Amino acid sequence: MQKSKIEHRLEQLRRDAGKLSKLSDLTHYTALDLQARRFGYAGWADLRQKWRKVLEDQAPSPGNPLEQVAWATRQFLRTCDDNDVYWLCRGGSLWVWASDVRAGDLTALDFVVMGAASDSATVEEAKHQRLLLLSDFENFDTLFVFEGDTDSDGNELEPEPNMQIWYEPTVARTWLIELAEEHIADGFYGQIEPILPA
């Protein structure tokens with residue numbers, strides 16, 4: 001049976017950790033944890049658990065490319081680190097590698113969280129990396145009040161009744177998935193459908 005992209009990536013991270021432990025005085029387990037933290041996970045066990053969830057959830061049949069993109073997007077948003085959820089909720093954007101969409105080989109590993117899609121530096125970097133905008137969460141931050149947020153007078157903000165809630169990653173993740181699915185249904189701002197495999 002052919003190994004998935006995720007299994008290959010896990011093996012590569014293990015090999016990289018082995019090299020790191022040989023070049024330093026770190027144990028292999030410490031090097032694995034460092035590799036996982038580079039990607040924003042608490043440690044190796046956290047990274048492995050979340051990536052294994054992706055493997056267990058069967059991808060849709062290759063007949064419908066939009067379904068495959070939707071599946072991969074849900075997998076990314078379900079398994080990404082809370083830091084990615086935080087930055088998306090702070091008005092970030094979610095991008096995907098155009099080559100993976102074209103190839104019909106999209107997984108949860110093929111997404112990139114960046115700044116606001118309206119930011120010129122974000123757009124330039126996306127062009128350079130050949131990324132396509134999947135979801136722009138620019139005004140999503142108005143739904144939440146984040147710990148430590150203050151008004152112009154320096155007073156700590158409280159959620160507006162019936163309009164905002166305190167930021168909580170689990171709730172935010174659910175809302176991000178719902179909004180991303182709306183973007184998928186709308187054809188990803190018209191960028192992705194033209195390059196999908198027939």
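Me: Before the cysteines, what does buried mean here?
Reply: Buried means under 20% relative accessible area, and by that cut-off Cys89 counts as buried, because its relative accessibility is 0%. The model is a predicted one, which applies to everything that follows.

Me: And Cys80, buried or exposed?
Reply: Cys80 counts as buried too, because its relative accessibility is 1%.

Me: OK, how many disulfides does the structure hold?
Reply: The structure holds 0 disulfides. Cys80 takes part in none, and the nearest cysteine sulfur to its own, that of Cys89, lies 9.4 Å away.

Me: Why is there no bond from Cys89 to the closest cysteine sulfur?
Reply: The closest cysteine sulfur to that of Cys89 is in Cys80, and at 9.4 Å it is too far for a bond, because a disulfide here requires a pair of cysteine sulfur atoms within 2.5 Å.

Me: Switching to helices: at what angle do α5 and α8 pack?
Reply: Helix α5, which covers residues 82–89, packs against helix α8, residues 169–185, at an angle of about 65°, and their axes are 10 Å apart. The crossing of α5 and α8 is left-handed.

Me: Which residues make that contact?
Reply: From α5 the contact is made by Asp82, Val85, Leu88 and Cys89, while α8 brings Pro169, Ala172, Arg173 and Leu176. Sorted by class, the residues of this contact of α5 with α8 comprise 6 nonpolar and 2 charged, with no polar ones. Cys89, one of the α5 residues in the contact, is the cysteine with 0% relative accessibility.

Me: Now the sheet. What is the strand order?
Reply: The order is β2-β1-β3, with 3 strands forming an open sheet in which the pairing is antiparallel. The edges are taken by β2 (111–114) and β3 (131–136), each of which has a single partner strand, so one side of each is left without a neighbour in the sheet. From one strand to the next the twist averages 30°.

Me: How many bridges join β1 and β2?
Reply: Strand β1, residues 93–97, pairs with β2 in the antiparallel sense over 4 bridges. Across this pairing, Trp95 stands opposite Val112 in β2.

Me: And which helices sit on it?
Reply: Helix α4, residues 65–79, lies across β1, β2 and β3 and runs at about 55° to β2. Helix α7, residues 120–129, also packs on the sheet, where it touches β1, β2 and β3, and its direction makes about 15° with that of β1.

Notes
Residues are numbered from 1 along each chain as its sequence is written. This is a predicted model: local features need pLDDT of at least 70, side-chain atom pairs count only at pLDDT 80 or more; totals for chains, interfaces and linings use all residues. Side-chain values use heavy atoms; hydrogens and water are left out. Axes are lines fitted to C-alpha atoms, for helices over the stretch in contact, and angles run from 0 to 180 degrees between N-to-C directions. Helices (H or I, at least four residues) and strands (E, at least two) are DSSP runs, numbered from the N terminus. A crossing is left-handed if the near helix is turned anticlockwise from the far one by less than a right angle, and right-handed if clockwise. Contact means heavy atoms within 4.5 Å. Ala, Val, Leu, Ile, Met, Phe, Trp, Tyr, Cys and Pro count as nonpolar, Asp, Glu, Lys and Arg as charged, and the others, Gly among them, as polar. Buried means under 20% relative accessible area, exposed over 50%, partly exposed in between (1.4 Å probe, protein chains only). Two strands pair if DSSP finds at least two bridges between them.
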